[in-house]
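Me: Could you take a close look at the ligand site in this one for me? I'd like to know what surrounds the ligand, and then hear about a few loop residues elsewhere in the chain.

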Amino acid sequence: MERVISGIRPTGNLHLGNYFGAVKNFVRMQDEYDCMFFIADWHSLTTHPTPENIRQSARTILAEYLACGIDPEKAPIYIQSDVKEVLELYLYLNMNAYLGELERVTSFKEKVRQQPDNVNAGLLTYPTLMAADILMHKADKVPVGKDQEQNMEMARLFARRFNRIYNIEYFKEPQNFYYTKQAVKIPGLDGSGKMGKSNGNCIYLFEDDQTITKKVMRAVTDAGPQAMNSEKPEVIQNLFTLMEAVSTPDTVAYFNDKWNTCEIRYGDMKKQLAADICATVAPIREKIEMYKNDDALLQRIANQGAERARERAAQTIKEVREIIGFRAN
Ligand code: TYM
């Protein structure tokens, strides 16, 4: 059976971008594939969270994963820092990763702009840690949103390079996975590109109807279409993209027609969009409430997940050590 791995940085709560870009696909994949999901808490260290933050946010994301429908019996969930083998692979991959190529990664360049006082080596080698997460499991498929495409290319590059250096077909090249034709990019409501935790433009899965509706009604729009069948400016396209994720095709077609005939009323569209987002989020929110207070359950799931992940990781490290020329155990 093909193997699937994916992860999320626990630097806040899950938002609609995480859900439609990745988690919803995880959930659909767990019946068909050999899946494991993890919480990338080492990756979150690049922004220097406090120990309390770390403890709290891993638990929160675990509860949210479960609320979205990941079934740990089918798809173990583990916390990255519980599987120390990943660090060893990270080290080996770093030895074959070059400064120039790491510096050219778009998300690294973005972080340099966003946090000029904290350009740490962890940020630079973020793609090698992510590659270690994936290659450790010899994953075939990785469900991710559009923003992770470059990191995925790097993972394939590191896999190929390792194989070439040691002259062995060892690592598979992991493929990005989406059920849709293209990678999903859920926009923010502020007209500024993608929905993202650090952009402060998210709708979170734990939020109540009132909060969500308020956020949607405040979404940036424009003066309206100036001609029939005109192209949509980005801020308007963003509303449609969100609608495509949460509403029925009929609803999207209805507002598209209204746009094309210059009859669109953004207020009506936003009301519909808010209602459809609330309908998506409400059942998940209820389950988050249920899981987040069950510490014993969360602990048990994390322990079981770590055990399964460690078994696989130990096997990979044993083989990699042999290939490189180290004692295997
Ligand atoms: P992270 O935590 O930023 O996001 C988690 C997942 O959510 C997707 N996503 C989006 N998809 C569509 N539209 C959006 N606006 C949006 N925002 C977030 C991301 O594409 C991602 O799939 N580097 C990863 C975490 C990671 C990982 C891995 C993922 C570490 N190791 C190994 C897969 C495999 C990250 O920062 O995702």
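Reply: Here's a walk through the ligand site, followed by some loop and helix residues. Keep in mind that this is a predicted model, so everything below is computed from predicted coordinates.

Let's start with the ligand itself. The space it takes up is the largest pocket. Which elements give two or more residues to the shell around the ligand? They are strand β1 (3-8) and the helices α1 (16-29) and α8 (126-136). The shell counts 27 residues, and those that come nearest are R9, Y126, D133, G145 and D147. Sorted by class, the shell around the ligand breaks down into 12 nonpolar, 9 polar and 6 charged residues.

Now for the polar contacts. Y126, already listed with the residues that come nearest, has a polar side-chain atom 2.7 Å from an oxygen atom of the ligand. N18 also reaches a ligand oxygen with a polar side-chain atom, here at 3.1 Å. With I186 it's the backbone that takes part: one of its polar backbone atoms sits 2.8 Å from a nitrogen atom of the ligand. How much of the ligand does the protein bury? On its own the ligand would expose 700 Å², and 98% of that is buried by the protein.

Next, the loop between α2 (41-44) and α3 (51-68), which is where you'll find H48. The backbone is worth a glance here: phi of H48 is near 55 degrees, a positive value in a residue that isn't glycine. Is H48 buried or exposed? It counts as exposed because its relative accessible area is 53%, and the cut-off for exposed is over 50%. L45 belongs to the loop between α2 and α3 too. L45 has 40% relative accessibility, so it counts as partly exposed. In sequence L45 is 35 residues away from P10, while their C-alpha atoms are separated by 9.8 Å.

From T46 we can step over to N118. The backbone oxygen of T46 is 3.2 Å from a polar atom of the N118 side chain. N118 itself is placed in the loop between α6 (106-114) and α7 (121-124). The N118 side chain also makes a polar contact with the side chain of N120, at 2.8 Å. Why does N118 count as buried? Its relative accessibility is 17%, and buried means under 20%.

Further along the chain there's another positive phi. C262, in the loop between α12 (249-260) and α13 (266-292), has a phi near 60 degrees, again a positive value in a residue other than glycine. C262 has a relative accessible area of 31%, so it's classed as partly exposed.

Last comes a residue from a helix. Q304 lies in α14, which covers residues 295-324. How far apart are Q304 and I77 in sequence and in space? They're 227 residues apart along the sequence, yet 8.0 Å apart from C-alpha to C-alpha. Q304 has 42% relative accessibility, so it counts as partly exposed.

To pull the ligand part together: the ligand takes the space of the largest pocket, the protein buries 98% of its area, and its polar partners include the side chains of Y126 and N18 and the backbone of I186.

Technical notes
Residues numbered from 1 in each chain as written. Predicted model: local features only at pLDDT ≥ 70, side-chain atom pairs only at ≥ 80, totals over all residues. Heavy atoms only, no water. Near = heavy atom within 4 Å. Polar contact = N/O pair within 3.5 Å; in protein donor to acceptor, adjacent residues only side chain to side chain. Areas by Shrake-Rupley, 256 points an atom, 1.4 Å probe, with all protein chains shown as cover. 1 Å grid on protein atoms, 1.4 Å probe; cavity = no way out; pocket = protein on both sides within 12 Å on 5 of 7 lines; lining within 4 Å. Sits in = over half its atoms within 2 Å of the grid points. Helix = DSSP H or I, 4+ residues; strand = E, 2+ residues; numbered from the N terminus. Nonpolar A, V, L, I, M, F, W, Y, C, P; charged D, E, K, R; others polar. Buried < 20%, exposed > 50% of the residue type's maximum accessible area, 1.4 Å probe, protein only.
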